[in-house]
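Dear colleague,

I am handing over the structure we spoke of, and I would be grateful if you could look through it with the notes below beside you.

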Amino acid sequence: MATYCMSDIHGDYDKYIQMLRKINLRDKDSLYVLGDVVDRGDESLKILQDMMMRINVFPIIGNHEYMAINCLKFLLKPITREEVKNLDPGIMQGLTEWQNVGGQSTIDEFRKLDNEEKEDIIDYLEEFALYEEITVKGKDYVLVHAGLDNFSPDRELDDYHLSEMVFNCPDYSKVYFEDKILVTGHMPTAYIKGNVDHNRIYKANNHIAIDCGCGMGLEDGKLGAICLDTGEEFYV
């Protein structure tokens, strides 16, 4: 039995499937996906449909899923005169902002689904956890998409608002927990200050950063995964 973490797939179904084969994910293993499954790539929902069929895959919400949920709910509604009349301006602003960060490809894919498939996707997105705390081989881990904004060592994880965990990256030069390792995605490791090993998993100061640039258009961007039991890193 092994425990893996992966993050920021961004609609690249082929890399996702290649990674599952590379790590040889078995039913008795666990895979935590730390958000940003969707957007930019053309097969975001195909990845979600695969994930939802696997009882050993545990999704954590990222900023792209957070932006997607309300917009997809809106797109599911029939467009009537009454609906247009009572349209919330915030929905249109959110839709525009989401499109600007890569949401259009997910919208296009969503429109091709039947209503039952659309409802299944929304239901599944709403089940994404905000964070996970796990113990592997005697080591404690906090898994979250982006970070712990407004961090305090005395603050309980349940006290953080969703926006504090999905938008702002941690300070990778700072030790947040002396007795836990913080595992994050969101920030491509190529952008971490002082990191010279671009697009590979970054480990320092009780942090593990696993967004290796998949779907970002970066030169040599990869999908990364790590086995927490052994520390072994995997790349596609």
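The notes that follow take the sheets, the helix contacts, two single residues and the cysteines in turn.

This is a predicted model, in which local features need pLDDT of at least 70 and side-chain atom pairs count only at pLDDT 80 or more, while totals for chains, interfaces and linings use all residues. Residues are numbered from 1 along each chain as its sequence is written, and side-chain values use heavy atoms, with hydrogens and water left out.

Helices (H or I, at least four residues) and strands (E, at least two) are DSSP runs, numbered from the N terminus, and two strands are said to pair if DSSP finds at least two bridges between them. One open sheet has five strands in the order E4-E5-E6-E8-E7, with mixed pairing. Its edges are strand E4 (132–136) and strand E7 (202–204), each of which pairs on one side only. Between neighbouring strands of this sheet the average turn is 20°, direction ignored; axes here are lines fitted to C-alpha atoms, for helices over the stretch in contact, and angles run from 0 to 180 degrees between N-to-C directions.

Within that sheet, E4 and strand E5 (residues 139–143) run antiparallel and are joined by five bridges, with Glu133 opposite Val142 in E5 and Ile134 opposite Tyr141 in E5. The hairpin of E4 and E5 has two residues between the strands, and Lys137 there takes a positive phi near 50°. On to strand E6 (residues 181–184), the pairing of E5 is parallel and consists of three bridges, and here Val142 stands opposite Leu182 in E6.

Another open sheet, also with mixed pairing, has five strands in the order E3-E2-E1-E9-E10. Strand E3 (57–59) and strand E10 (233–235) are the edge strands, each pairing on one side only, and neighbouring strands are turned against each other by 20° on average, direction ignored. Three bridges connect strand E2 (residues 30–33) with E3 in a parallel arrangement, in which Leu31 has Val57 of E3 as its bridge partner.

Turning to the helices, the axes of helix H1 (residues 13–23) and helix H2 (residues 44–51) come within 9 Å and cross at roughly 30°. H1 and H2 are therefore roughly parallel to each other, given that angles under 35 degrees count as roughly parallel, over 145 as roughly antiparallel, 65 to 115 as roughly perpendicular and the rest as oblique. Taking contact to mean heavy atoms within 4.5 Å, H1 contributes Tyr13, Tyr16, Ile17 and Leu20, and H2 contributes Lys46, Ile47, Asp50 and Met51. By class, this contact of H1 with H2 has six nonpolar, no polar and two charged residues, where Ala, Val, Leu, Ile, Met, Phe, Trp, Tyr, Cys and Pro count as nonpolar, Asp, Glu, Lys and Arg as charged, and the others, Gly among them, as polar.

H2 also meets helix H5 (residues 89–111), with axes that come within 8 Å and cross at roughly 65°, which makes H2 roughly perpendicular to H5. On the H2 side Ser44, Leu45 and Lys46 take part, and they meet Thr106, Glu109 and Phe110 in H5. That contact of H2 with H5 has two nonpolar, two polar and two charged residues by class.

Two single residues can be placed as well, with buried meaning under 20% relative accessible area, exposed over 50% and partly exposed in between (1.4 Å probe, protein chains only). Ser105 lies in helix H5 and counts as buried at 14% relative accessibility. Leaving aside neighbours within four places in sequence, Ser105 is in contact with Asp39, Arg40, Gly41 and Asp42. Ala129, in the loop between helix H6 (115–125) and E4, is buried with a relative accessible area of 19%. With the same neighbours left aside, within four places in sequence, Ala129 is in contact with Pro59, Ile60 and Ile61.

Finally, the cysteines: a disulfide is a pair of cysteine sulfur atoms within 2.5 Å, and a search of the whole structure finds zero disulfides. The sulfur of Cys214 has its closest cysteine sulfur, in Cys212, at 9.4 Å, too far for a bond, and Cys214 is buried at 2% relative accessibility. Cys227 is likewise in no disulfide, the nearest cysteine sulfur being that of Cys5, 9.3 Å away, and Cys227 is buried with a relative accessible area of 4%.

With best regards
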